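Got your viewer open? Load the structure below and keep the selection tool handy.

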Amino acid sequence: MSTQKRTTHSAGPPEPEPIRFFGTTWVEHDGGYAWRRAGVAAGGLAAAVAGALALRLGYQGLAIAKVGGLVNVIVVVGMAVCTALAFRRTWEGFVRGGERRGKEGAGSLPSP
């Protein structure tokens, strides 16, 4: 067990935690928040389209090369495993919150 004591800041209201691309502008929606939100959405959509295009071209390349059923199964299983690992890592990031970034969030436990 840890012997460190948690300190609480009782003076003043709680401070919002900055988030990527937005800082703390999400609180009051100031400082170009709408443009940044639109830019992040467009960037995410462009990344998803580029990823889907790369997957399609790669799989079509395998189909054109007529590599056989075993390679096709390996590609599908590999994609499934990579997707599951990415989902798990993303989910753990949501669950841990500020703890993963090296900060103690509001609901996180102190590190041992």
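What follows is a short tour, one selection at a time.

**Stop 1: the whole chain**

Before you click on anything, keep in mind that this is a predicted model. Show the protein chain as a cartoon and you'll find three helices and zero strands. Follow the sequence from start to end and the pattern reads α-α-α.

Now colour by pLDDT. The mean for the protein chain is 79, with 78% of the residues reaching 70 or more. Where do the helices score lowest and highest? Select residues 25-28, helix α1, for the lowest confidence, a mean of 76. Then jump to residues 33-65, helix α2, for the highest, at 91. Next, pick out residues 104-112, where the pLDDT is below 50. Beyond near neighbours in sequence, that stretch makes 12 contacts in the model.

**Stop 2: the surface**

Switch on a surface view. About 9600 Å² of the protein chain is exposed, and carbon and sulfur atoms supply 66% of that. How much of the chain counts as buried? Just 5% of its 112 residues do. As for contacts, take those with a separation of 6 or more: 29% of them link residues 24 or more positions apart.

While the surface is on, select Val 73, Val 77, Val 81 and Leu 85. Together these side chains make a nonpolar patch of about 350 Å². Click on Val 81, which belongs to helix α3. Its relative accessibility is 45%, so Val 81 counts as partly exposed, falling between the 20% and 50% cut-offs.

**Stop 3: a pair of rings**

Stay with helix α3, which covers residues 69-96, and show Phe 87 and Trp 91 as sticks. A search of the whole structure turns up one aromatic pair, and this is the one: the ring centres of Phe 87 and Trp 91 are 6.1 Å apart. How are the two rings arranged? Their planes sit at 20 degrees, and stacked means under 30 degrees, so the pair is stacked.

Look at the spacing along the helix too. Phe 87 and Trp 91 are four residues apart in helix α3, so about one helical turn separates them. Is Phe 87 buried or exposed? With a relative accessible area of 55%, Phe 87 is exposed, because the cut-off is over 50%.

**Stop 4: the charged trio**

For the last stop, select Arg 88, Glu 92 and Arg 96. Side chains of opposite charge can pair when their charged atoms come close. The count of salt bridges comes to two, and you can see both from here.

Start with Glu 92 and Arg 88: their closest N and O atoms are 3.2 Å apart. These two residues lie four positions apart in helix α3, so about one helical turn lies between them. Arg 88 is exposed at 53% relative accessibility, whereas Glu 92 is partly exposed at 24%.

Now move to Arg 96, whose side chain meets that of Glu 92 in a salt bridge, again with 3.2 Å from N to O. Arg 96 and Glu 92 are also four residues apart in helix α3, about one helical turn. At 37% relative accessibility, Arg 96 counts as partly exposed.

Which residues end up joined? Since the salt bridges share partners, Arg 88, Glu 92 and Arg 96 form one network. Keep all three selected and turn the view to trace it from Arg 88 through Glu 92 to Arg 96.

Terms used:
Residues are numbered from 1 along each chain as its sequence is written. This is a predicted model: local features need pLDDT of at least 70, side-chain atom pairs count only at pLDDT 80 or more; totals for chains, interfaces and linings use all residues. Side-chain values use heavy atoms; hydrogens and water are left out. pLDDT is the predictor's confidence in each residue, from 0 to 100. Contact means heavy atoms within 4.5 Å. Rings of Phe, Tyr and Trp (its six-membered ring) pair if their centres lie within 6.5 Å; planes under 30 degrees apart count as stacked, over 60 as edge-to-face and the rest as tilted. Buried means under 20% relative accessible area, exposed over 50%, partly exposed in between (1.4 Å probe, protein chains only). Accessible areas come from the Shrake-Rupley method with a 1.4 Å probe; for residues, only the protein chains shown count as cover. Patches are made of residues with over 30% relative accessible area and no salt bridge: like charges are joined within 9 Å, nonpolar side chains (Val, Leu, Ile, Met, Phe, Trp, Tyr) within 5 Å. A salt bridge is a side-chain nitrogen of Lys or Arg within 4 Å of a carboxyl oxygen of Asp or Glu.
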